[in-house]
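Subject: A structure for you to look at

Dear colleague,

I am passing on a structure that I would like you to open and turn around on your screen while you read. My notes on what was found in it follow underneath.

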Amino acid sequence: MSGVTRLAAVIGDPVRHSMSPTIHNAAFAELGLDWTYLALPVPSGRGGDAVEAMRLFGIDGLSVTMPHKDTVAQAVDARTSAVERLGACNCVFRDGDRLVGDNTDGDGWVRAFELDSGLGLADARVAVIGAGGAARAIVEAVGRAGASEIVVVNRTTASAERAAALAEVARIGTVDDLADVDVVVNATSIGMAGGPDAEGIPLSGSWIGQHHVVADIVYQPRSTPLLQEAARRGARTVGGLGMLVHQAATAFERWTNHTAPIDTMTAAVLGAIPPDD
Ligand code: NAP
């Protein structure tokens with residue numbers, strides 16, 4: 001590092017567990033860029049101050065995680081269409097003097113899904129299980145990717161309605177809709193190691209058929225109970241690591257204008273997440 005080293009950072013509360021420094025510093029090193037990336041704990045309610053600090057300190061890239069995604073979306077100078085619709089921002093980049101808020105989660109999932117499965121989402125029938133922050137970003141991005149139908153299935157109806165409003169082709173559905181779609185993505189925290197339902201499968205899995213591509217955005221464990229059940233029933237599966245890498249890759253490209261070194265970023269993630277038992 002030197003006096004001209006450029007700085008990127010992730011803000012959150014908590015943030016020390018974040019994998020982003022590992023992923024981005026590996027990418028900067030691979031491309032020989034004089035950048036460094038830190039994790040900065042910022043207490044709840046201070047997201048707007050962090051954007052001001054970005055201006056003051058000349059920070060060139062910001063990742064934003066819980067609980068700041070909404071407040072940062074309000075504090076930036078301009079927002080991408082994804083942020084306008086979602087009201088949540090996970091990445092801030094510079095455009096001249098302006099700080100622009102983006103949300104790379106949805107496009108990161110689409111990019112990872114299409115690469116990992118080899119299938120395009122244009123004209124696909126997609127079901128999203130869950131309606132939290134990640135699910136909403138996926139619904140919005142899958143709508144832009146040209147899906148013919150998006151069914152949102154969630155425990156709480158009000159959140160499902162909010163998510164389904166993010167794409168013209170989206171509607172609320174139930175478990176009975178899942179057999180008839182092409183792609184089903186779990187965007188709940190069910191199946192996440194250390195979470196409240198680590199051994200669980202959303203909606204039991206009895207709907208899974210051989211025609212499905214079943215994706216999970218949970219990435220720890222790498223093979224979730226849902227993905228194991230889907231494989232047993234003959235469906236194709238896509239894990240959650242790709243989304244983690246590609247949402248970071250999209251942010252990296254916004255900040256540096258360099259193509260992200262996906263293989264290096266993937267290796268960094270694989271090195272940081274223990275293999276399944
Ligand atoms: P969130 O905003 O808290 O939303 C959680 C969602 O899960 C809600 O729809 C919630 O339903 C549902 N849910 C939780 N427990 C449930 C249960 N026992 N039964 C039924 N539904 C349940 O969380 P998020 O930020 O969207 O993240 C969701 C998961 O995705 C987390 O595991 C996170 O680690 C993972 N994630 C992965 C990536 C990646 O890069 N791969 C990126 C972001 C998030 P209600 O609305 O009914 O409460």
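The centres of domain 1 and domain 2, taken over C-alpha atoms, are 25 Å apart; please keep in mind throughout that this is a predicted model. The chain is divided so that domain 1 covers 6–103 + 248–272, while domain 2 covers 106–239. Where the two parts touch, 10 residues of domain 1 are in contact with 12 residues of domain 2.

A good place to go next is the second largest pocket, which holds about 190 Å³ of space. Where does this pocket lie with respect to the two domains? Both domain 1 and domain 2 give residues to its lining, so the pocket lies between them. If you would like to find it on your screen, its lining includes Leu115 and Asp116, Arg222, the run Gly239, Gly240, Leu241 and Gly242, and also His246, Ile262 and Leu270. Helix 5 (105–117), helix 9 (241–256) and helix 10 (262–272) each supply at least two of the lining residues, and helix 9 gives the most, with four. Sorted by character, the lining has five nonpolar, five polar and two charged residues.

The interior deserves a careful look as well. The largest nonpolar core is made of 33 residues, and Trp109, Leu121, Val128, Ile138 and Val142 are those with the most contacts inside it. Several helices and strands each bring at least two residues to this core, among them helix 5, strand 7 (125–129), helix 7 (157–164) and strand 10 (183–186), but the largest share, six residues, comes from helix 6. To see how one of these residues sits among its surroundings, you could select Leu121, which, leaving aside residues up to four places away in sequence, touches Trp109, Val110, Phe113, Val142 and Val183, among others. Apart from this core lies another, of 27 residues, which includes Tyr37, Ala78, Phe93 and Trp255.

Finally, there is one single residue that makes a useful exercise. Thr80 lies in the loop between strand 4 (78–79) and helix 4, and you might ask whether Thr80 is buried or exposed. Its relative accessible area is 17%, and because a residue under 20% counts as buried, Thr80 is buried. Not counting residues up to four places away in sequence, Thr80 touches Phe93, Val100, Gly101, Asp102 and Asn103.

With best wishes

Methods. Residues numbered from 1 in each chain as written. Predicted model: local features only at pLDDT ≥ 70, side-chain atom pairs only at ≥ 80, totals over all residues. Heavy atoms only, no water. 1 Å grid on protein atoms, 1.4 Å probe; cavity = no way out; pocket = protein on both sides within 12 Å on 5 of 7 lines; lining within 4 Å. Points joined across faces, edges and corners; volume = space filled by probe spheres on them. Nonpolar A, V, L, I, M, F, W, Y, C, P; charged D, E, K, R; others polar. Domains from an automatic or database assignment. Core = buried A, V, L, I, M, F, W, Y, C linked by side-chain atoms within 4.5 Å. Buried < 20%, exposed > 50% of the residue type's maximum accessible area, 1.4 Å probe, protein only. Contact = heavy atoms within 4.5 Å.
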